[in-house]
Structure formats: C-alpha cells, structure tokens
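Visitor: I am new to this structure and would like a close look at a single part of it. Could you take me through the salt bridges, slowly and with some background?

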Amino acid sequence: MKSNIRNRNVNRGGGCRKGRHVVPLCGHRRSAGVLVILAIALPMLIGIAGLVLDTSILFAAHRNLQSAADAAATTAAMTIYQGGSVSDATAAATTSIQSDNSLPSATVAVNVPPTSGPYAGNASYAQVVVSRKASTFLIQVLGGSSIQTIQATSTAGAQSATAGGALVLLDPNPPGITVNLAPVAPLALTLPPILGGLQVLGLGQLRVNGAVLDNNQWGGVDQNGNAAGSGPAPPYAASGTPLVSLTNVAAQDIRVVGGVDNPNNFSSISSGQPSPLRCNALPVPDPFSSVPAPTTSADSKNVSATNFGGVTVIGLPLLPAKVFNPGVYDWIEIVSGSVTFNPGVYIIRGVNPITHVGLNVIAGTVTANGVMFYITNSTGYSPASGAPDNGDGNASPPLGSGTLIPSVLIASLLGSSYSGLNDPSSPFNGLLFYQRRVDRRPIVLADQTLILGGTLSGTVYSKYGQTIFAACGTYNLKFATGSMLCLNVLQCTLSPSQLMPPAMDVYLVQ
C-alpha cells in the first residue's frame, strides 16, 4: 500500500521515468523548445538565404555590367584610335552602354588617358567607369539597403599589330579615273582605269621592307579564299596582273580592309615564312594628317614667298647647271640639260599651259637633294597664310570621274638624284612630294625604258591622288597615297630607312 502511494506521488511530480504508470510529458517539452529555437533562428535563416540570393543577383548584375563596360571601353578606344575626340569617345561609350546593352539608367564616365591602373596617363587608352543601381529582395532583413550600387571599370587601347608602314593606301573608294599621258610626247599613252587600291603589273616582284597597309574597301577574297570587302568580284582592294599572275607582292605584313584578287599573289618578304596577308582588317589613319600646308610661318627656314613664275629649262650638256631656289612657281619643266635644286620647299601652284603638268622632268640630269615639292591645284595659293589649302581639313574630295593629266611626271631619272627635305625641325622633314589633300591628280615616277637609273628617296604623300611607280631596283622610299599602280620590271624593292606608324588593333587590357 505504501509502495503504491509513493509511486503515485512520484508521478504527480511530473517525472519522466518510463513505466506503466508514467505520463509521457517529454514530447510536449521538446516541441515547445523547437518552436522557441525556430522563432529565434528563422529571421537569421531568412537573412542568410536572402544574402545568398541577393549576392548571386548582384554578382550576375556586376558580371553583365562588366561585359557592357568592356564593350564600351573597346568602342571608346576605337573612337580615339580613329581620330575622334574625348567627347566623341564618351558619346560612343554611353551609346554602347545605354542603348546597345540596354542599360538606360547607367552612369558612364570615360577617362582618356586612364586615371588609374598600369595605363594611367597613356593617351592611346580609354578607361570606362560604369555604375548603376540594382534592387535586392531579402538582404534588408539583415539591415542592408534594398538598393545597391554596382560599378565596373574597363580599359582598352590601340597596340601595334604590324611592322611599320612602308606603303600606305589611304583612299577607301578611289574614283574610276584613267591617267592621260598623251600631252607628254615620250609617254604618249593612256593608262587603264584603277582596278585596285594597290595594283601591281609587270613581270617582277614588288618587295616591301615594312608593312603594306591598304584602306581600300573593294572586294576580292581574304587570305583563306573567302569573299572579303564588298564581295568576290573586281575591282579589288589589292591585285596583281589581271587574269595571269605574273607578279606578286612580298612584305613583312600585308593588311587590307577589303579583299585581294588571289592570295597567292601576296607573300612574306622572308623566305619560308607564312603569308602575312590579312583581309577584312581595320583601316589605318593618315600618318600625315597633322602636317600643315607649307607657309612661311610654319617653316620660315625652308619656305619662301618669292614668286618665280613658270620655268622651262632646255639646256645643253656642256652648259652650267641651271640652279633653282625655294619659292613659288607656276610650273617647272625640264626638257634637257643639268638642273640643281637648292634645299628647301618648292611650291608649284599651276601647270604648263601646253602639257598641263605642274612638275615635268622629261629628260636631263637633276640634282634635288633635301627638297620638298608641294603640289597644289590652287593657282592663288598663298605661302603666307596657306589659303585656300589650309581650309581643306581631311575631308574626302568629290569622287568625280574621267581622265586626269598628272600633276607630277618624272620621266627620266638617269643620272639624277632626288631626296626629301632634310630638317628635323621642320614639319615637312623627310617629305619629297606633298600634294594637296583634295587634289586627286596622279603623280607619275617613271622612265621611258621603265628602268630608273638614278636615286630617289624620301616620302611621297598624296592622300587622295594616285601614284604610278615604274621601277627596277632598291629605293629608300615610302608612300602614303590614295591608290597606287606599280609597273614592275624584274624586281623592285621599297626599303625606307624610316617607317611610318604600324597598323594598330584595339585590345581590351584591363
């Protein structure tokens, strides 16, 4: 009896001992504890889940923003490379971010040069900083803001992609002109119309110790034989002898915006190396775009305002050499005899009324070392102000069409010597021929026998003109011209001692 009473007292005390008469109260206590723990931990669990979710959302948003910043930096750097201003680059980058990447509320800042990183201070690079607001969903449970600012920074810039330029073709779409040499008796013929930005005819090889950079957009095929430029049909951006390949071009690099007639016509100047031909490439800027029209203020040492009118020289071999001095000429024609040009700048602003050529060397022996011939179609050109040529800018002249007579004709180099202006302090240093940018007339450097017997060195610059070069031998020459026709007899080598800037490609660097 006492034992039963004791057991009942124990049970009334709420013990949890197992047995026949124990009341199971432990389950209720556990449930209550779990509820308490859950009530305490639930906000923290929700916060952690929100942190994971919102962090993933912000990470994805930042990744997309970084991709957009990379594209914008490449666009900005390309704009700068192509001669645009910082404001142009900013506008292009902003369009890339807000329109092309559908981020209209993003804030875009462009720094040229970059203000931080390994390319800070280098004006060839553009840095883009992009920021925008992003919404979160659960992170505010932990006290965070529901609106977060994310930011991405990217830097891109132009870097060398080829060797320095030795032959640069600047006109993307030359007019369909032909060259009329009929007024010049020794070369009484009309050359065929332009068939390529670079056209090489003849029986030999054109070797270029440097890069060939061709901005022509015309068609053809690329280095793999696929259609390039405006399509596979002619005219071509660069071509060899039509139909039958009797000549070819060998260079360190050959970079063409359009296409070529036959990839086999283009090879490396180094034996055994793979073809350097690359088509569908970016155009290169004019390497002489900043060179002014010659004036006495731009170069008082080499430019003279003295007007000598038009001069024709018909001399005999035993007579003393005719001496020319820098100044302004209506035309210069050398039929025979010996002629010496003293160093300096010769402005030729007209044409011979009979031949319609500005500078015409039919024969004779010419010594013209350390000179620059500036050729313009402005008969009223002013050496004091540079007007009207100084207002041309770099705009393309109208295409036009028809037959053009050359502005310059060097028909004989036998025993002659020509070299460009030699004055490092002059903006015209190294230039031998500089033709007004909007003047499309051809420049012809040739010999009756197509064999050049003299020396010719320096730079030929005629932005929208055509240069015709008939040569055999090695020349310290480089060309920046609208288009070019090379007439090869055996082998012709261009090996300039100073190259023009290389082609550049825009790379994402940071």
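Guide: What follows sets the scene and then goes through the salt bridges pair by pair. The model is predicted, and the protein averages a pLDDT of 85, with 81% of the residues scoring at least 70. One stretch calls for caution, since over residues 5-14 the pLDDT stays under 50, and the model has four contacts there beyond four places in sequence. Where pLDDT is low, the predicted coordinates should not be read in detail.

The protein has 510 residues, of which 47% count as buried, and its secondary structure comes to three helices and 26 strands. Among contacts between residues at least 6 apart in sequence, 64% join residues at least 24 apart, and the salt bridges below can be read against that background.

The count comes to eight salt bridges, among them the one in which the side chains of D505 and R255 meet, at 2.7 Å from N to O. This pair links distant parts of the chain, for D505 belongs to strand 26 (residues 500-508) and R255 to strand 9 (residues 248-256), 250 residues apart. R255 is buried, with a relative accessible area of 9%.

Another of the salt bridges joins D423 and K301, whose closest N and O atoms are 3.6 Å apart. D423 sits in the loop between strand 21 (417-420) and strand 22 (431-435), while K301 sits in the loop between strand 11 (277-278) and strand 12 (307-314), so the pair ties together parts that are 122 residues apart in sequence. The two partners sit in opposite surroundings: D423 is buried, with a relative accessible area of 6%, whereas K301 is exposed, with a relative accessible area of 65%.

A further salt bridge is formed by D392 with R436, and here the closest N and O atoms are 2.6 Å apart. D392 lies in the loop between strand 18 (365-375) and strand 19 (402-404), and R436 in the loop between strand 22 and strand 23 (443-445), so that this pair, too, links distant parts of the chain, 44 residues apart. D392 counts as buried at 17% relative accessibility, and R436 is likewise buried, with a relative accessible area of 11%. The pair does not stand alone, for D389, D392 and R436 are linked in a network of salt bridges.

Terms used. Residues numbered from 1 in each chain as written. Predicted model: local features only at pLDDT ≥ 70, side-chain atom pairs only at ≥ 80, totals over all residues. Heavy atoms only, no water. pLDDT = per-residue confidence, 0-100. Contact = heavy atoms within 4.5 Å. Helix = DSSP H or I, 4+ residues; strand = E, 2+ residues; numbered from the N terminus. Buried < 20%, exposed > 50% of the residue type's maximum accessible area, 1.4 Å probe, protein only. Salt bridge = Lys/Arg side-chain N within 4 Å of Asp/Glu carboxyl O.
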